[in-house]
Amino acid sequence: MPNAPELAVTGSTGQLGGLVARLLAHAGSQQRLLVRDAARAPELEGTVPFVTTYAEPERAKAALAGAKTLFMVSAAEAEDRLQQHFAFIDAAAAAGVQHIVYTSFFGAAPDSTFTLGRDHFATEERIKASGMDYTFLRDNFYLDFLPLLAGEDGVIRGPAGDGVMAAVARADVARSAVTVLRDPSLHVGRTYDLTGPEDISLARGAELLTAGTGRAITFHNETLAEAYASRASYGAPAWQVDAWVSTYTAIAAGELAGPTSAVHELTGREPLSLEQFLAEAHTL
C-alpha cells in the first residue's frame, strides 16, 4: 500500500501490543497494525490495519513491504511457536524491514529452566542471523499475572521455594517499548532486561496481594510431583505443563532475580512495584 506507515506493530489486539499501539498513537506515531482480523484492530488515529499471521510468510512479507521498523510481540504459546517466529522473521527480512524490536524473556538462554525461555533465545538468534538491526526487550515475569496465580481457594501453588523474581508491570514494558520504537536508531544491538524495582518471593507476593486486594492469599510450595499432579486435570499437552511448572522452578533457581535500571533508563521513571501496581489497579 502506497504511503503506508514505516512502523509496523504486531499484537495490537492483545494486551501488551494493544497498550503499545495506544501509547504510540497518543504520541502521534503513524503505524501499520498487523492483525489476524481487520475488524478487531483497535481504531486509533494514524493506524492502518494489515491482515496476516506469523505462520503465513508470503502474506507477512506483503504486509511488511515498505516497513522499516517492526515491533514483534512473541506469539501465543503453541507447540510450533518457534517455527512461527522463524517464518515471520524470515518474511520480515525478505520484505526489507531494517530493525526488529522483539519482546523476549528475562534470562533467555539455550538452557533456561523456564522452557519457553529457550524458544525466546532461539528467536533472538534467528533475528541476529537475519541481518536486520535488532533490540531485545527481555521482560521479567509480569506483575499483572500474579493475582491470577491464586486458585479459587486463594492459594498460589508451585515449586518456587524461597526463590525471588524482579517482576515487572506490563505498563512499564509498554512504555519502554515505545521509547525504543520512537527512535530505534538509538537502541540498535541493545538488550534491555526489563524488571520491577525489587525482588519478591511468592510468599511475599501473597502477603502483598492480600493487603492490596483484600482477598486472603497464601503460597504453598509444591514439590515437583505435586506440581505436575495438580495440573494434570487440565488435560494440557506435556510441553505446556512443562512450561507452567518451569515458571516456578525458574524462580526457585534464581533465574528471574535481579532488578535492573533498564525501565528507568528508557522511560525516565521508576518501574512500578507490586504495591503500586495493585494500588493503581484498584483506582481504575
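# A friendly note on helix packing, cores and buried residues

1. Let us start at one small residue. Apart from its neighbours within four places along the chain, Ser201 is in contact with Asp162, Gly163 and Val164. Please keep in mind as you read that this is a predicted model. Ser201 sits in strand S10, which covers residues 200–201. Is Ser201 buried or exposed? Its relative accessible area is 15%, and the cut-off for buried is under 20%, so Ser201 counts as buried. You can also pair Ser201 with Ala167: they are 34 residues apart in sequence, and their C-alpha atoms are 9.9 Å apart in space.

2. Next, look at Ser12. You will find Ser12 in the loop between strand S1 (7–10) and H1. With a relative accessible area of 5%, Ser12 is buried. Which residues does Ser12 touch, once those up to four places away in sequence are set aside? They are Gly17, Gly18, Ala21, Leu33, Val35 and Pro42.

3. Now follow the chain into the helix after that loop. Helix H1 (residues 15–26) packs with helix H6 (residues 170–182) at an angle of about 50°, and their axes are 9 Å apart. At that angle, H1 is oblique to H6. H1 passes H6 in a right-handed crossing. On the H1 side, the contact is made by Gln15, Leu16, Leu19, Val20, Leu23 and Leu24. H6 brings Arg170, Ala171, Val173, Ala174, Arg175, Ala177, Val178, Leu181 and Arg182 to the contact. By class, the residues where H1 meets H6 divide into 11 nonpolar, 1 polar and 3 charged.

4. Leu19 is a good residue to select if you want to see that packing up close. Leu19 has its place in helix H1. Leaving aside neighbours within four places in sequence, Leu19 is in contact with Arg170, Ala171 and Ala174. For a sense of distance, try Leu19 and Asn140: 121 residues separate them in sequence, and from C-alpha to C-alpha they are 17 Å apart in space.

5. A second helix pair is worth a look. The axes of helix H2 (residues 57–64) and helix H3 (residues 81–95) come within 8 Å and cross at roughly 40°. H2 and H3 are therefore oblique to each other, and their crossing is right-handed. Pro57, Ala60, Lys61 and Leu64 in H2 meet Ala87, Phe88, Ala91, Ala92, Ala94 and Ala95 in H3. How many nonpolar, polar and charged residues does the contact of H2 with H3 have? The contact has 9 nonpolar, no polar and 1 charged residues.

6. The third pair is H8 with H9. Helix H8 (residues 224–231) packs with H9 at an angle of about 140°, with the axes 10 Å apart. This angle makes H8 oblique to H9. The crossing of H8 and H9 is right-handed. From H8, the contact uses Leu224, Ala227, Tyr228 and Arg231, and from H9 it uses Val241, Asp242, Trp244, Val245, Tyr248 and Thr249. The residues in the contact of H8 with H9 divide into 7 nonpolar, 1 polar and 2 charged.

7. Let us move on to the cores. In soluble globular proteins, nonpolar side chains tend to be buried together. Here the largest nonpolar core has 29 residues, and those that touch the most other members are Leu143, Leu146, Ile156, Met165, Leu202, Leu256 and Leu274. Which elements give two or more residues to this core? They are helix H7 (202–213), helix H9 (238–252) and helix H11 (274–283). A second, separate core has 27 residues, among them Leu7, Val9, Leu137 and Ala174. You have met Ala174 already, as one of the H6 residues in the contact with H1.

8. Met165 deserves a click of its own. Not counting residues up to four places away in sequence, Met165 touches Asn140, Phe141, Leu146, Glu198, Asp199, Ile200, Leu202, Ile251, Leu256 and Ala257. Leu146, Leu202 and Leu256 in that list are also named among the core residues that touch the most other members.

9. One last stop is Thr123. Thr123 is found in helix H4 (residues 115–130). At 0% relative accessibility, Thr123 counts as buried. Its contacts, leaving aside neighbours within four places in sequence, are Leu82, His85, Phe86, Ile89 and Tyr102.

Technical notes: Residues numbered from 1 in each chain as written. Predicted model: local features only at pLDDT ≥ 70, side-chain atom pairs only at ≥ 80, totals over all residues. Heavy atoms only, no water. Axes fitted to C-alpha atoms, helices over the stretch in contact; angles between N-to-C directions. Helix = DSSP H or I, 4+ residues; strand = E, 2+ residues; numbered from the N terminus. Parallel < 35°, antiparallel > 145°, perpendicular 65-115°, else oblique. Left-handed = near helix turned anticlockwise from the far one by under 90°. Contact = heavy atoms within 4.5 Å. Nonpolar A, V, L, I, M, F, W, Y, C, P; charged D, E, K, R; others polar. Core = buried A, V, L, I, M, F, W, Y, C linked by side-chain atoms within 4.5 Å. Buried < 20%, exposed > 50% of the residue type's maximum accessible area, 1.4 Å probe, protein only.
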